[in-house]
Amino acid sequence: MAEMNFGGISETVVTSREFSLDKAREVLRNETIAVIGYGIQGPGQACNLRDNGFNVIVGQRQGKTYDKAVADGWVPGETLFSIEEAAERGTVICMLLSDAGQIQAWPSVKKYLNAGKTLYYSHGFAVNWSDRTGVVPPADIDVILVAPKGSGTSLRTMFKEGRGLNCSYAVYQDVSGKAEEKTLALGIGIGAGYMFKTTFEREAVSDLTGERGSLMGAIEGLLEAQYEVLREHGHSPSEAFNETVEELTQSLMPLFAQKGMDWMYANCSTTAQRGALDWAPRFRDAIKPVMEWLYLSVKSGDEAQRSIDSNSKPDYREGLNKELEEMRNKEMWRAAVSVRKLRPEYDGE
Ligand SMILES: NC(=O)C1=CN([C@@H]2O[C@H](COP(=O)(O)OP(=O)(O)OC[C@H]3O[C@@H](n4cnc5c(N)ncnc54)[C@H](O)[C@@H]3O)[C@@H](O)[C@H]2O)C=CC1
Ligand SMILES: CC(=O)[C@](C)(O)C(=O)O
Ligand SMILES: [Mg+2]
Ligand SMILES: [Mg+2]
């Protein structure tokens, strides 16, 4: 564990310097890690754990993602099973079904959660909103969390590049007295870059806020608003797209990712700096009430309920795909396809 100063506030973080991969392997030596669900997080975590030398099996229902598991080298009857069979065989049960799927599958997983097993999550959702999910873990098992702060797809690609994706970690129930050490071992095993400590409640609330806010919902809304205004005032799609998205992702975001926002500012014109410094507080003040509304909507459980209700429908996937198709077909994102093709490094992908 290392104490790190985050802008004046001291926090505990854990990296592979404090908790080595060898130590992680030692801690989980006698465990069979059952990754239940093979959607986005499942493949990232299961494949990283396997490549890191852990004893891993996968549980997934039949269908497209089961076939993906086979293509990734999981062998039916040896390392790939139905959800129930994996839950029975595993000693560490990693609940990586969709959050709505976890509710439906809970009765068939719960019956295999015997004393001595460990229940692992990558989200605080199921347990934090137990009044809505019905998920109440048995009292005689460890319940822990490692939540990658990014897509399972990035978890895997960053691992292959020798990098690591940051994760939060939490212990909800420590029966064995070893819950924290198992949590950290699993975090290192799945390829965490560093881990910061949280609780199930704080993870659930911050995660739903972040993804609805600046990470996904707010950024999409902001980009659309600017693109629409430029187009409504006669600017061409290529100009509107470049000035709204392409310059942000290709030039300016990497600058503030590397050395902070003031560094990005310092590398832009004095004209840009003057204007952006004036407009940033206006945007902050206009957006903050919506952020507050969002936070309270998450905190009250309303957002969790909405996601449970819509994602529990049998045709939820078709519905989501249709909405993504509508997004893809917007002029802004069709313009993006052409812009990407014009990048000098474009290689047909
Ligand atoms: N997608 C991501 O990268 C991230 C996800 N998480 C968390 O990780 C967990 C897994 O999320 P994803 O990988 O996005 O899940 P997902 O939406 O990709 O679903 C995983 C699998 O669940 C199965 N499934 C869904 N409903 C089912 C049901 N009723 N019965 C049986 N199987 C069912 C599907 O076959 C699917 O392959 C969630 O708790 C999520 O909040 C955390 C960080 C990032
Ligand atoms: C990728 C991630 O961490 C999200 C946005 O919270 C999610 O996929 O739920
Ligand atoms: Mg997240
Ligand atoms: Mg999330």
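Let us start with helix α9, which covers residues 179–190 of this predicted model. The helix has twelve residues, and from its first C-alpha to its last it reaches 16 Å, close to the 16 Å expected at 1.5 Å a residue. Is α9 mostly enclosed or mostly open to the outside? Nine of its twelve residues are buried, so the helix is largely enclosed by the rest of the structure. If you would like to find the buried residues, they are Lys 182, Thr 183, Leu 184, Ala 185, Leu 186, Gly 187, Ile 188, Gly 189 and Ile 190. Just after the helix comes Gly 191, whose phi is positive, near 100°.

Next, look at the strands. Ten of them form an open sheet with mixed pairing. Reading across the sheet, the order is β1-β2-β10-β9-β8-β7-β6-β3-β4-β5. Which strands sit at the edges? They are β1 (2–6) and β5 (80–81), each of which pairs on one side only. The partner of β5 is β4, residues 56–59, and these two strands run in the parallel sense, joined over two bridges. One residue to pick out here is Gly 59, whose bridge partner in β5 is Phe 81.

Gly 59 also leads us to the core, since it is among the residues in contact with Ile 36. In soluble globular proteins, nonpolar side chains tend to be buried together. Here, the largest nonpolar core has 64 residues, and those touching the most other members are Ala 34, Ile 36, Ile 93, Cys 94 and Met 95. Leaving aside neighbours within four places in sequence, the contacts of Ile 36 include Ile 93, Cys 94 and Met 95, along with Leu 96, Leu 97 and Val 109. There is also a second, separate core of five residues, which includes Tyr 227, Ala 240, Phe 241 and Met 332.

Finally, turn to the ligands. Ligand 1 is surrounded by 24 residues, the closest being Gly 39, Ile 40, Ser 98, Gly 101 and His 123. Which elements give two or more residues to this shell? They are α2 (41–51), α5 (99–110) and β8 (142–148). The largest share, four residues, comes from α5. By type, the shell around ligand 1 divides into nine nonpolar, 13 polar and two charged residues.

Around ligand 2 you will find Lys 149, Gly 150, Ser 151, Asp 207, Glu 211 and Leu 215. This shell divides into one nonpolar, two polar and three charged residues.

Conventions:
Residues numbered from 1 in each chain as written. Chains lettered and ligands numbered in written order. Predicted model: local features only at pLDDT ≥ 70, side-chain atom pairs only at ≥ 80, totals over all residues. Core = buried A, V, L, I, M, F, W, Y, C linked by C-beta atoms within 7 Å. Buried ≥ 20, exposed ≤ 12 C-beta atoms within 10 Å, placed from the backbone. Contact = placed C-beta atoms within 7 Å. Near = placed C-beta within 6 Å. Nonpolar A, V, L, I, M, F, W, Y, C, P; charged D, E, K, R; others polar. Pairing = 2+ DSSP bridges. Expected span 1.5 Å × (residues − 1).
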